[in-house]
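Here are my notes on this chain, set out point by point. Please read them with the structure open.

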Amino acid sequence: MNLRPIRIDDEPEINLISLIDVLLVLVLFLVLTTTFVREARLSVELPQAALQPKPVEQTPLEIVVDAKGRWYVAQREVLGSDAAALSRALEQIAGAARSQTLTIRADGRAPHQSVVTVLEVAGRLGFSNVAILTVEPAKR
């Protein structure tokens, strides 16, 4: 009978081969399931420096919207409160000159819909240069 303790010289070790296999499977899974998203790109037209000065433009056509939502085109009141009346007044005063600047000056208490109607009519008629005038509030 052998009563001597059995001596084990082997030290415990971690099997790295199976860990590497698991990592490779995870990397392969992530590569195959990843979707690449293309972000939408905006087309921006940057201004170019002009070598020659631009010719002086005509005086801009001005539309005023008062506090009650009435329109005034070139200091004449538009008779009617619908978009068709405003369109007729703009066509009558502007004629075929759609390249001139159209400025909108609205009272701070004007109904929002009146200003939006002016913008819609201007776009429908083909005005491409539209400016909204603002007034700095008076200091109290």
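1. Contact here means heavy atoms within 4.5 Å. On that basis, and leaving out residues up to four places away in sequence, Thr 117 touches Trp 71, Ala 83 and Leu 86. Keep in mind that this is a predicted model.

2. Thr 117 deserves a further look. The residue is found in helix H3. Is Thr 117 buried or exposed? Its relative accessibility is 10%, and the limit for buried is under 20%, so Thr 117 counts as buried. Its side chain also has a polar partner: a polar atom there lies 2.7 Å from the backbone oxygen of Gln 113.

3. Now the overall layout. The chain has three helices and five strands. From the N terminus on, the order is α-β-β-β-α-β-α-β. Of the 140 residues in the chain, 20% are buried. The accessible surface comes to about 12,600 Å². Carbon and sulfur atoms hold 58% of that surface.

4. Which contacts join distant parts of the sequence? Take the contacts with a separation of 6 or more: residues 24 or more positions apart account for 67% of them.

5. The largest nonpolar core has 20 residues. Val 73 and Leu 90 have the most contacts inside it. Five elements each give two or more residues to this core: strand E1 (61-65), strand E2 (71-73), helix H2 (83-94), strand E4 (102-106) and helix H3 (112-125).

6. What does Val 73 touch? Residues up to four places away in sequence are again not counted. The partners are Leu 61, Glu 62, Ile 63, Val 78, Leu 86, Ala 89, Leu 90 and Ile 93. Leu 86 is also one of the residues touched by Thr 117.

7. Helix H2 has 12 residues. From its first C-alpha to its last, H2 reaches 16 Å, close to the 16 Å expected at 1.5 Å a residue. Its buried residues are Ala 85, Leu 86, Ser 87, Ala 89, Leu 90 and Ala 94. The cover over them includes E1, E2, E4 and H3. Gly 95 follows H2, with a positive phi near 70°.

8. How does the span of H3 fit its residue count? At 1.5 Å a residue, its 14 residues should span 20 Å, and the end C-alpha atoms are 20 Å apart, which agrees. Buried in H3 are Ser 114, Val 115, Thr 117, Val 118, Val 121, Ala 122 and Leu 125. Seen down the helix axis, these buried residues fall within an arc of 155°, so they line one face of H3. An α-helix has 3.6 residues a turn, so residues three or four places apart point the same way.

9. The other side of H3 has exposed residues: His 112, Gln 113 and Arg 124. Gln 113 is thus exposed, while its backbone oxygen is the partner of the Thr 117 side chain. The buried residues of H3 pack against E1, E2, H2, E4 and strand E5 (130-133). Gly 126 follows H3, and its phi is positive, near 100°.

10. Ala 106 is found in strand E4. With a relative accessible area of 33%, Ala 106 is partly exposed. Which residues does Ala 106 touch, not counting those up to four places away in sequence? They are Val 65 and Val 115. Ala 106 and Val 65 are 41 residues apart in sequence, yet 4.5 Å apart in space, C-alpha to C-alpha. Val 115 is one of the buried residues of H3.

11. Please check the backbone in the loop between E2 and strand E3 (76-77), where Ala 74 is found. Most residues other than glycine have a negative phi. Ala 74 has a positive phi, near 50°. Gln 75 lies in this loop too, with a positive phi of about 65° although it is not a glycine. As for exposure, Ala 74 is partly exposed, with a relative accessible area of 35%. Gln 75, at 77% relative accessibility, counts as exposed.

Key: Residues are numbered from 1 along each chain as its sequence is written. This is a predicted model: local features need pLDDT of at least 70, side-chain atom pairs count only at pLDDT 80 or more; totals for chains, interfaces and linings use all residues. Side-chain values use heavy atoms; hydrogens and water are left out. A nonpolar core is a set of buried Ala, Val, Leu, Ile, Met, Phe, Trp, Tyr and Cys residues joined through side-chain atoms within 4.5 Å. Buried means under 20% relative accessible area, exposed over 50%, partly exposed in between (1.4 Å probe, protein chains only). Helices (H or I, at least four residues) and strands (E, at least two) are DSSP runs, numbered from the N terminus. A polar contact is a pair of N or O atoms within 3.5 Å; within protein, one must be able to donate a hydrogen and the other to accept it, and residues adjacent in sequence count only if both atoms are side-chain atoms. The expected span of a helix is 1.5 Å times one less than its number of residues. Accessible areas come from the Shrake-Rupley method with a 1.4 Å probe; for residues, only the protein chains shown count as cover. The arc is that of the directions from the helix axis to the C-beta atoms.
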